[in-house]
Number of protein chains: 2
Amino acid sequence: MVGTRRERYREETKDEAKRIALEQLAELGVGGISVNAIAKRMGVTGPALYRYFKNRDDLLTELIRDAWSDLADTVEAGATSSRSRPPRERVHGFGQAFREWALAQPHRYLLLFGTPLPGYHAPQDTIALAHRTTSAFISVLADVYADRPAAELSTLDGQLAAWTRSRGEGDLHPAVPLTALRAFTRLHGVLSLEVSGQFGPMGFDPALLYRAELESLIGVSDPGPD
Amino acid sequence: MVGTRRERYREETKDEAKRIALEQLAELGVGGISVNAIAKRMGVTGPALYRYFKNRDDLLTELIRDAWSDLADTVEAGATSSRSRPPRERVHGFGQAFREWALAQPHRYLLLFGTPLPGYHAPQDTIALAHRTTSAFISVLADVYADRPAAELSTLDGQLAAWTRSRGEGDLHPAVPLTALRAFTRLHGVLSLEVSGQFGPMGFDPALLYRAELESLIGVSDPGPD
DNA sequence: AACTTCTGTTAGAAGTTCTAACACAAGTTA
DNA sequence: TAACTTGTGTTAGAACTTCTAACAGAAGTT
């Protein structure tokens, strides 16, 4: 119960609009989100909503920010709840949290990782929220390498080390940044196609494929196949 | 020079419309494709184009079909041109062909593999074109396993074997379907994020990551990390 | 030459985003 | 309490969009 009465009412109005926008997103995709239609469903006229969102893009930008925030909460919880478990289990727990989030709201997953909205540029606060998810990936994968000897650095390892250092990720085993990146691309590779329905009638269980890819990240020093 | 004069003119008109649609796609995304605007640019009024496309979705459906056809030509060429080279080189050649196609026209890649269009259902001819790409993946990966001993089948291998058999892919090493599937998800995982600009300011070379993932498919029996 | 098919036109309905001008309620200050 | 400022809603309307209907005329066929 923070802010003035007016501020609270304003937030409630925005939340209701975004709630309806998410329904439209789920049903008709990004293109199906209509400021006018949202207003109508809320019992006000179209232009009223422009008091709350500068324009349609502004509404979409908030939906994206909220999704990143929600995802960060989820994967951080997945990483934290398994903090003291062995690295392998931790990777699996974390990976499953990521997957469950994606499958529970595919349209939101695609809002973040699907076709980018033309003209969209992430504002600073959204970038910070996205970093939280990145950091969770890194922290979980760092566990896997905690007791492994340092190997030689590839060019890619070097490039990524520069990036993690600039992000203030602290001292990491040199293989961690690349492994975390591959974790992300491999899991996304499966999830993206799964939520897009591209596996359609192939008749296999995507959960098994996902598990196999998770396992591949733990296996060898270089995240191999199985 | 096939068909009547009228049929040829009709095809030329459709081609011009689709050419302009692809420009709009590249510039403003799927939502930026406007039948009206295309017509205007062609020097006719909006409704004229409805003689050539039943509606906007019909135009998009054709764009998707064309993209699958183009991709199939590309990856088949990549697979064929390297037919007699060693399996490892073949995988790399094929993978690079796939990547170059995606990077040359990111919007088309995303049309096929990005956020699906709500309400879109692939017509039969498009499904057949998509199968050509799938088959190319399988044939290239089959080479890798040509001289490897058969290993035991996992549940996933079994599920996928049923699928490849029903597709008439002939006798395959039992590990091939899963490896081909992982090839697809891993390469897509990298490409999808690269063309979406998600790697933004991370300052690493995606080509190196892509190569590493390609290499991971050859490595061990189960496609491991490096 | 007559008939049919194809391709284009204008008119218009119903939707969209978004701005401008106005009305009035709510909160703040004198 | 009265006056003022801010916030929130309204209607009107411009400029788009998709798509249908009705009509005109060119192209191809018989």
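These entries record what I looked up in a predicted model of a protein with DNA.

**Annotation on chain A.** I began with the UniProt record. In an unreviewed entry, it places the feature "domain: HTH tetR-type" at residues 11-71 of chain A. I then examined the secondary structure of this stretch. Residues 11-71 of chain A are 69% helix and 0% strand. The C-alpha atoms at the two ends of the stretch are 21 Å apart.

**Domain division.** I next noted how chain A is divided: domain 1 covers 1-53 and domain 2 covers 64-216. Their C-alpha centres lie 31 Å apart. I looked up the contact between them and found four residues from domain 1 of chain A and four residues from domain 2 of chain A. On the domain 1 side of this contact, I recorded three nonpolar residues, one charged residue and no polar residue.

**Surroundings of DNA strand D.** I then turned to the DNA. There are 22 residues around DNA strand D. Those that come nearest are A:Thr45 and A:Ala48 from chain A, with B:Asn36, B:Asn55 and B:Arg56 from chain B.

I asked which helices supply at least two residues each to the surface near DNA strand D. I found α1 (5-28) of chain A, and from chain B α1 (5-28), α2 (35-42) and α3 (56-81). The largest share, four residues, comes from α1(A).

Finally, I sorted the surface near DNA strand D by residue class. I recorded eight nonpolar residues, seven polar residues and seven charged residues.

Methods: Residues numbered from 1 in each chain as written. Chains lettered and ligands numbered in written order. Predicted model: local features only at pLDDT ≥ 70, side-chain atom pairs only at ≥ 80, totals over all residues. UniProt positions renumbered as here; feature names shortened; annotations may be inferred. Near = placed C-beta within 6 Å. Nonpolar A, V, L, I, M, F, W, Y, C, P; charged D, E, K, R; others polar. Domains from an automatic or database assignment. Contact = placed C-beta atoms within 7 Å.
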